[in-house]
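Let's take a friendly walk through this protein together. Have the fold open beside you as you read.

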Amino acid sequence: MQETTENQQVHLDILAQKGVDLFLKREDRIHPFISGNKYRKLKYNLEEAKTQGFDTLLTFGGAFSNHIAATAYAGKIHGLNTIGIIRGEELAKKWQENSTLKQAHSHGMRFKFISRTSYREKSNPEFLEHLKEEFGAFYSLPEGGTNPLAIKGCEEILRTTDADFDIVCCAVGTGGTIAGISNAAFDSQKVLGFPALKGDFLQEDICKFALKENWELITGYHFGGYAKITEELIHFLNDFKIETHIPLDPIYTGKMMYGILDLIQKDYFPPQTKILVVHSGGLQGINGMNRNLQKKNLPLINI
């Protein structure tokens, strides 16, 4: 496993015009199935599960969850059973049509599909007790994998060689990655998070784990909310890949990069700013997204 990842410079006309240097930290290359922040979040949780003597991991996620896919494979290679509590009971009869869930199942994960109403109880101790009665003892991982051990893993994303960057950017789902990056950031650095979800409720969640006040959420680039996508975003993803040969996912990193380049265009960053963007993986979700786009007669994302 290669934990030290390359910082790849991005060359685009807009960057040269504005005098801004932009690099992508290729966390997506850590592992083909447990890439990016998912590897970081799972690393110490897997160690803890084994230390406590558990043989089963149970976690939560939606139809396109990178965390579900990563947990399934991590369990497989570490000799642990995996159970996924999946949001949306309508998926029970058609999960084989979903590439993310199909991949997780091929790596040994069992599913329990529940309604969105029941899913909101996922942190309720009584709800977890019912799951223990059904499945037996398990090591519980929260949705997205964010907990103190996940933060510890995400703190390892930045290295001493990253100290000369002025800005560090990451996509935000549950808030664990930005909290870890914030904790590890150097004193001169500002951390910007680009949420994939609507609303500002993440502020409170991030504050539970972030030890510094060096971060800010840029909330205007969610494209309608989690897993929502527009033709404009599709064209951006495809053009970015053609120009840079770097694939981005439509749920997290694509929206983040769109936002970063839009801010650069609007002179949000002064000339000579050096930006490090964390590529947190998630590319496995493109196949499933393309299936949905095809049904809607929308352009497909180039893989």
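How many nonpolar, polar and charged residues are there in the lining of the largest cavity? Keep that question in mind while we find the place, and remember as you look around that this is a predicted model.

A search through the whole structure turns up 1 cavity of 30 Å³ or more. The space in the largest cavity comes to about 40 Å³. To see its walls, pick out Leu237, Asn238, Lys241, Pro247, Leu248, Ile286, Ile301 and Asn302, which line the cavity. Helix H10, spanning residues 231–244, gives the most to this lining, with 3 residues. Now the question can be settled: the lining has 5 nonpolar, 2 polar and 1 charged residues.

Next, turn to the sheets. In one of them, 6 strands form an open sheet, and the order to trace is S1-S2-S10-S7-S8-S9. The pairing here is mixed. At the edges you will find strand S1 (7–9) and strand S9 (215–217), each of which pairs on one side only. From one strand to the next, the twist averages 25°. For a view of one pairing within this sheet, look at strand S2 (residues 21–25) and strand S10 (residues 274–278), which run in the parallel sense and share 5 bridges. Leucine 22 is a handy landmark there, since it stands opposite isoleucine 275 in S10.

Another open sheet is built from 4 strands, in the order S5-S4-S3-S6, and its pairing is parallel. Strand S5 (109–114) and strand S6 (139–140) each have a single partner strand, so one side of each is left without a neighbour in the sheet. Follow S5 inward and you meet its partner, strand S4 (residues 81–87); the two pair in the parallel sense over 6 bridges. To line them up on your screen, find glycine 84, which stands opposite phenylalanine 111 in S5.

Finally, let's look at a pair of helices. Two packed helices are described by the angle between their axes and the distance between the axes. For helix H3 (residues 66–77) and helix H4 (residues 99–106), the axes come within 8 Å and cross at roughly 15°. Angles under 35 degrees count as roughly parallel, and that makes H3 roughly parallel to H4. As for the hand of the crossing, H3 and H4 cross in the left-handed sense.

Note on methods
Residues are numbered from 1 along each chain as its sequence is written. This is a predicted model: local features need pLDDT of at least 70, side-chain atom pairs count only at pLDDT 80 or more; totals for chains, interfaces and linings use all residues. Side-chain values use heavy atoms; hydrogens and water are left out. Two strands pair if DSSP finds at least two bridges between them. On a 1 Å grid over the protein atoms alone, a cavity is a set of points where a 1.4 Å probe fits but cannot get out, and a pocket is an open set with protein on both sides within 12 Å along at least five of seven lines; lining residues have an atom within 4 Å of a point. Grid points are joined across faces, edges and corners, and a volume is the space filled by probe spheres set on the points. Ala, Val, Leu, Ile, Met, Phe, Trp, Tyr, Cys and Pro count as nonpolar, Asp, Glu, Lys and Arg as charged, and the others, Gly among them, as polar. Axes are lines fitted to C-alpha atoms, for helices over the stretch in contact, and angles run from 0 to 180 degrees between N-to-C directions. Angles under 35 degrees count as roughly parallel, over 145 as roughly antiparallel, 65 to 115 as roughly perpendicular and the rest as oblique. A crossing is left-handed if the near helix is turned anticlockwise from the far one by less than a right angle, and right-handed if clockwise.
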